[in-house]
Amino acid sequence: MNEIFDLKRFAKLFLYECSTYLPKLSKVLVTISCIIFAAWVTTIVFEFEFPIYFRIGLISTLFSVACMLAPFIVYGEMNNRKSGYFYAMLPASIPEKFISMSLVCLVVAPLVSYAAIHIADSLLYSLSLAEIGGFAGVKLYNPFEGEEGLFVLVLSYVAYIAIPMMFNTIFRKSKIIKTILVYMGFVFSLIMLVAWMFSTFSIDKIEIFLGWASEVSFALYFQLAVTIAAFCVTYHKIKTVNY
């Protein structure tokens, strides 16, 4: 049997993780669905309008939150000193574990979350006696707008989940809180960098730099580099996790 990657062994691992870990998402998805119904009830009680653009924004936000939380919820105990040994004992190679984790976090968990949220929205629409703008699920963003629209969308989506995956393997306790603090630290550092640039350089030089960064798609390359780095760190932590 191939010690690096065996398709049958990988399939068993992937099915096992889907059947064992994904039910952990149920509480979060129930909570998110309740938020949708709570927003609907609030509009009825206070006689507010519940236009479809508001529902789309709410669903998009809740879906984003579910995707970001999925790695912490599904694989939160993989490096726990007391209960994480089961993950290390799974009969699979490191590449198989990494690919399975990536598929669960990037594909399966978001699909389950998307379905659950839109089922809640569909029930809301069916139960509503007032016109609320149709099913929010049919108002989809067109990823083919622009030459790089699809690639940018996919990269942003992958990066959005790859980074929580990485921090889930780095931190052992209070993972979500620590991750949020890291994000806040990054934003604060970015603000300080911008403030330093404006205080140090002239407006003309800043405009030249921004024009250069836009031409070379600096933000896109930076995001790609961060995504690759996040996957590399995740793979390394899976390989070297100790209890």
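Mentor: Before we start, a helix here is a DSSP run of type H or I with at least four residues, and helices are numbered from the N terminus. Please also keep in mind that this is a predicted model.

Trainee: Which helix gives the largest share of the nonpolar patch?
Mentor: The patch lies on the surface and is formed by Phe-186, Val-187, Leu-190, Ile-191, Leu-193, Val-194, Trp-196, Phe-198, Phe-201, Ile-203, Phe-218 and Phe-222, which together have about 1,200 Å² of accessible area. Two elements give two or more residues to this patch, namely helix H7 (175–200) and helix H9 (218–240). Phe-198, one of the patch residues, is found in helix H7. The largest share of the patch, eight residues, comes from H7.

Trainee: How many Å does H7 reach from its first C-alpha to its last?
Mentor: H7 has 26 residues, and at 1.5 Å a residue the expected reach is 38 Å. The reach in the model is close to that expectation, and its value is 37 Å.

Trainee: Which residues of H7 are buried?
Mentor: A residue counts as buried when its relative accessible area is under 20%, whereas the residues of the patch each have over 30%. In H7, the residues that count as buried are Lys-175, Thr-179 and Met-197.

Trainee: Just before H7 there is a loop, so which residue in the loop between H6 and H7 has a positive phi although it is other than glycine?
Mentor: The loop in question joins helix H6 (149–170) to H7, and the residue there has a phi near 50 degrees. With a relative accessible area of 46%, this residue is partly exposed. The residue is Ser-174.

Trainee: How does the side chain of Thr-227 stand towards its surroundings, buried or exposed?
Mentor: Thr-227 lies in helix H9, and a polar atom of its side chain is 2.8 Å from the backbone oxygen of Gln-223. Leaving aside neighbours within four places in sequence, Thr-227 is in contact with Leu-155, Val-158, Ala-159 and Ala-162. Because its relative accessibility is 4%, Thr-227 counts as buried.

Trainee: Which residues of H9 are buried?
Mentor: H9 has 23 residues, and its reach of 33 Å from first C-alpha to last is close to the 33 Å expected. In an α-helix there are 3.6 residues a turn, so residues three or four places apart point the same way. The buried residues of H9 are Leu-220, Thr-227, Ala-230, Phe-231, Thr-234 and Ile-238.

Trainee: How far apart are the C-alpha atoms of Lys-237 and Phe-98?
Mentor: Lys-237 also lies in helix H9, and at 28% relative accessibility it counts as partly exposed. Apart from neighbours within four places in sequence, Lys-237 is in contact with Thr-169 and Ile-170. Phe-98 and Lys-237 are 139 residues apart along the chain, yet their C-alpha atoms are separated by 9.9 Å.

Trainee: Which two residues meet in the salt bridge of the structure?
Mentor: Side chains of opposite charge can pair when their charged atoms come close. The structure holds one salt bridge, and its N to O distance is 2.8 Å. One partner lies in helix H1 (residues 7–21) and the other in helix H5, so the pair ties together parts that are 87 residues apart in sequence. The two side chains belong to Arg-9 and Glu-96.

Trainee: What relative accessibility does Glu-96 have?
Mentor: Its partner in the salt bridge is Arg-9, which counts as buried at 15% relative accessibility. Glu-96 counts as buried too, because its relative accessibility is 0%.

Trainee: Which residue offers the backbone oxygen that the side chain of His-118 reaches?
Mentor: His-118 is found in helix H5 (residues 94–127), and at 14% relative accessibility it counts as buried. Its side chain reaches a backbone oxygen at 3.0 Å, and that oxygen belongs to Tyr-114.

Trainee: Looking at the whole protein, what percentage of its residues count as buried?
Mentor: The protein has nine helices and zero strands, and it exposes about 14,800 Å², of which carbon and sulfur atoms supply 73%. Among contacts with a separation of 6 or more, residues 24 or more positions apart account for 80%. Of the 243 residues, the share that counts as buried is 38%.

Methods
Residues are numbered from 1 along each chain as its sequence is written. This is a predicted model: local features need pLDDT of at least 70, side-chain atom pairs count only at pLDDT 80 or more; totals for chains, interfaces and linings use all residues. Side-chain values use heavy atoms; hydrogens and water are left out. Patches are made of residues with over 30% relative accessible area and no salt bridge: like charges are joined within 9 Å, nonpolar side chains (Val, Leu, Ile, Met, Phe, Trp, Tyr) within 5 Å. Accessible areas come from the Shrake-Rupley method with a 1.4 Å probe; for residues, only the protein chains shown count as cover. A salt bridge is a side-chain nitrogen of Lys or Arg within 4 Å of a carboxyl oxygen of Asp or Glu. Buried means under 20% relative accessible area, exposed over 50%, partly exposed in between (1.4 Å probe, protein chains only). A polar contact is a pair of N or O atoms within 3.5 Å; within protein, one must be able to donate a hydrogen and the other to accept it, and residues adjacent in sequence count only if both atoms are side-chain atoms. Contact means heavy atoms within 4.5 Å. The expected span of a helix is 1.5 Å times one less than its number of residues.
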